[in-house]
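User: Please take a close look at the part where the two ends of the chain meet, and then place that part in its wider setting. Spell out the cut-offs as you go.

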Amino acid sequence: MLVNLHVKNFAIIDEVDIDFGKHLNILTGETGAGKSILVGSIGIALGARVSSEVIGKRGDHAMVELVFQIDDEETLAALQELDITPEDGQIVISRKIMGNRSVNKINGESVSVSTIRKISALCLDIHGQHEHQSLLHKEYHLEVVDQFAGEEAAAIKCKIADVYGEYTRLVREMEQEGSTAEERARELSFLAYEKKEIEDAELIEGEEELLEERVRKMSNASSIVEAAGRVYEYTGDSMNGCASAVSQALRQIGSVAELDEQLAAMQSELVDIENLLSDFNREISEYMEDFTFDESELRQAEERLDVIRGCQAKYGKTYAEIMSYLAEITEKIDKFSDYEQYLEECEKKKAKLEKTLDKLCGKLTNIRKKAARSLEQAITSALAELNFDKARFGVSMEPLGKYSPKGADAVEFLVATNPGADLYPLGKVASGGELSRIMLAIKTVFADTDHIETLIFDEIDVGISGRTAQKVSEKMAFLGKTHQVICITHLPQIAAMADTHFVIEKVTSDKETRTEIRPLSVEESEEELARMLGGAEITDAVLANAREMKTLAKQYS
């Protein structure tokens, strides 16, 4: 849900901050007040192209910020896949427009515009101007049909995606290996050389660490011997040794230990120290006796390390990586050694995968065709309820001509808005307002299953009035029960259904013109409806009519 919109120095908007409500949010205002600019700012925040012309006169940059509260589990999971983690369920999308560039952030971290577009597609859908119409894209048509088909289609699509992934990997491998006999012979010779070098190295896991320790020890042999000798001297019975000093201390404390229990305890501790010191001195002595250094052994260890590190430089940083590379080139050698057999096996695998894809895609096509017929009826009925009495809605399904992770079908929505007219693609026959109403019909069909929480409708009332306007308002209110709907309208029938009503106003002074927006109380909403009904002069009769519209709308809700 879109919780908040903050716009600063954007076109004629000085600064506005809007807290949207749940359900149906209505925005009204005089023509030219800046309603389209407000929707445009949302589109830009969600990744639409932007130019420096949108920067207002109160600074060198424009700022648009959206705050979404995400509660839908599937949307949260999709955000996690995009590496976006909501903070307390919220994500903040902001775009700062400066000259010929923009700074894009999500929850304070810089991101690309493409990432913002992916995120926005999960959270919000704008319907109005053609450039915002997802309804014009065939990919969306396929998604709608599959959504209507339900879990059965989703399960098969998952299987198709898995098989298709395996199929494309195999085809890609066959294309990469499609070399000439001479090229394969050269590569085979090179691979054989690499295989022999790795096998001759006779690598052992963990050997490098052991050798490094030995080399470090032998390389510092003189320092070790010198330091160990001094330690032996300092911990022994020599004049400078601490063992003799501890012995003297014991004699002194022993002469008085019987006089004080506390001194007796200290004497016992000092005895333990003497024993520990004696044991340590003996251990350092044994270490010095056992310590040997052989120049030839050092050279052998260093040479062995050179062999290991040479393999690491060529074939992998770790033992596991080198062994994995060895297995890979061994497989390639086997493949090139009997290339015809390899190709034959690949062709068999390919044919088997194609057969599986044909079967799965065929099953998915049948499911889609069945769903498409029901969807046609459902949307045609929904259009009739929006006063498209003679409209016909159709779903065209054609073979895609190739496999894809989503099957092998090309789906396109068709419509005939006039009696007797042929069905044509939506973009060719429907106006912007009609497209918005068709999308409204689709959204009402999917009211309980659509995971996009926020829907914005702009220009949905273009060219309609009377009964059609009333039908649209009822559908909008119905959709607002399961979604957050933000609608900009000129029609009082639609505005009367508002759960939250905002007015957009243009404020003009001698020096500037700016756009402001504010929420309306119930009384103010009635007055705004009266303005929409009666124009400049609001009579008691018009105000009474506005109140009646609000009452009837409340009863419908």
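Analyst: A residue is called buried under 20% relative accessible area, exposed over 50%, and partly exposed in between, using a 1.4 Å probe and protein chains only. By that rule Gly34 is buried, with a relative accessible area of 7%. The model is predicted, so local features need pLDDT of at least 70 and side-chain atom pairs count only at pLDDT 80 or more, while totals for chains, interfaces and linings use all residues. Residues are numbered from 1 along each chain as its sequence is written, and side-chain values use heavy atoms, with hydrogens and water left out.

Gly34 lies in the loop between β3 and α1. Helices (H or I, at least four residues) and strands (E, at least two) are DSSP runs, numbered from the N terminus. Along the chain Gly34 is 471 residues from Glu505, yet their C-alpha atoms are separated by 7.5 Å. Contact means heavy atoms within 4.5 Å. Neighbours within four places in sequence aside, Gly34 is in contact with Ile504 and Thr515.

A second link of this kind involves His501, in strand β14 (residues 500-508). His501 and Asn25 are 476 residues apart in sequence, but 5.9 Å apart in space, C-alpha to C-alpha. His501 counts as buried because its relative accessibility is 3%. Apart from neighbours within four places in sequence, the contacts of His501 include Ile26 and Thr28. They also include Ala495, Arg518, Pro519, Leu520, Ser525 and Glu528.

On the N-terminal side, helix α1 (residues 35-45) is mostly covered, with eight of its 11 residues buried. The buried residues of α1 are Lys35, Leu38, Val39, Ser41, Ile42, Gly43, Ile44 and Ala45. Just after α1, Gly47 takes a positive phi of about 110 degrees. Asn9 and His23 have positive phi values although neither is a glycine. For Asn9, in strand β1 (residues 2-10), phi is about 55 degrees, and the residue counts as buried because its relative accessibility is 4%. For His23, phi is about 65 degrees; this residue sits in the loop between β2 (13-19) and β3 (24-28) and counts as partly exposed because its relative accessibility is 36%.

Ser525, one of the contacts of His501, also takes part in a helix packing. The axes of helix α18 (residues 522-534) and helix α19 (residues 540-556) come within 8 Å and cross at roughly 115 degrees. Axes here are lines fitted to C-alpha atoms, for helices over the stretch in contact, and angles run from 0 to 180 degrees between N-to-C directions. The crossing of α18 past α19 is right-handed; a crossing has that hand if the near helix is turned clockwise from the far one by less than a right angle, and is left-handed if anticlockwise. From α18 the contact takes Ser525, Glu526, Glu527, Leu529, Ala530, Leu533 and Gly534, and from α19 it takes Val542, Leu543, Asn545, Ala546, Arg547, Met549 and Lys550. By class, seven of the contact residues are nonpolar, three polar and four charged. Ala, Val, Leu, Ile, Met, Phe, Trp, Tyr, Cys and Pro count as nonpolar, Asp, Glu, Lys and Arg as charged, and the others, Gly among them, as polar.

For the wider setting, a nonpolar core is a set of buried Ala, Val, Leu, Ile, Met, Phe, Trp, Tyr and Cys residues joined through side-chain atoms within 4.5 Å. The largest such core has 56 residues, of which Leu135, Val395, Phe413, Ile442, Phe457 and Met476 touch the most other members. Helix α15 (residues 432-445) gives the largest share of this core, six residues. A second, separate core has 40 residues, including Ile13, Ala45, Ile70 and Ile106.

Away from the meeting of the two ends, Ile464 occupies the loop between β12 (454-458) and α16 (466-480). Ile464 counts as buried because its relative accessibility is 10%. Neighbours within four places in sequence aside, Ile464 is in contact with Arg437, Ala469, Val472 and Leu491. Ile464 and Ser244 are 220 residues apart in sequence and 109 Å apart in space, C-alpha to C-alpha.
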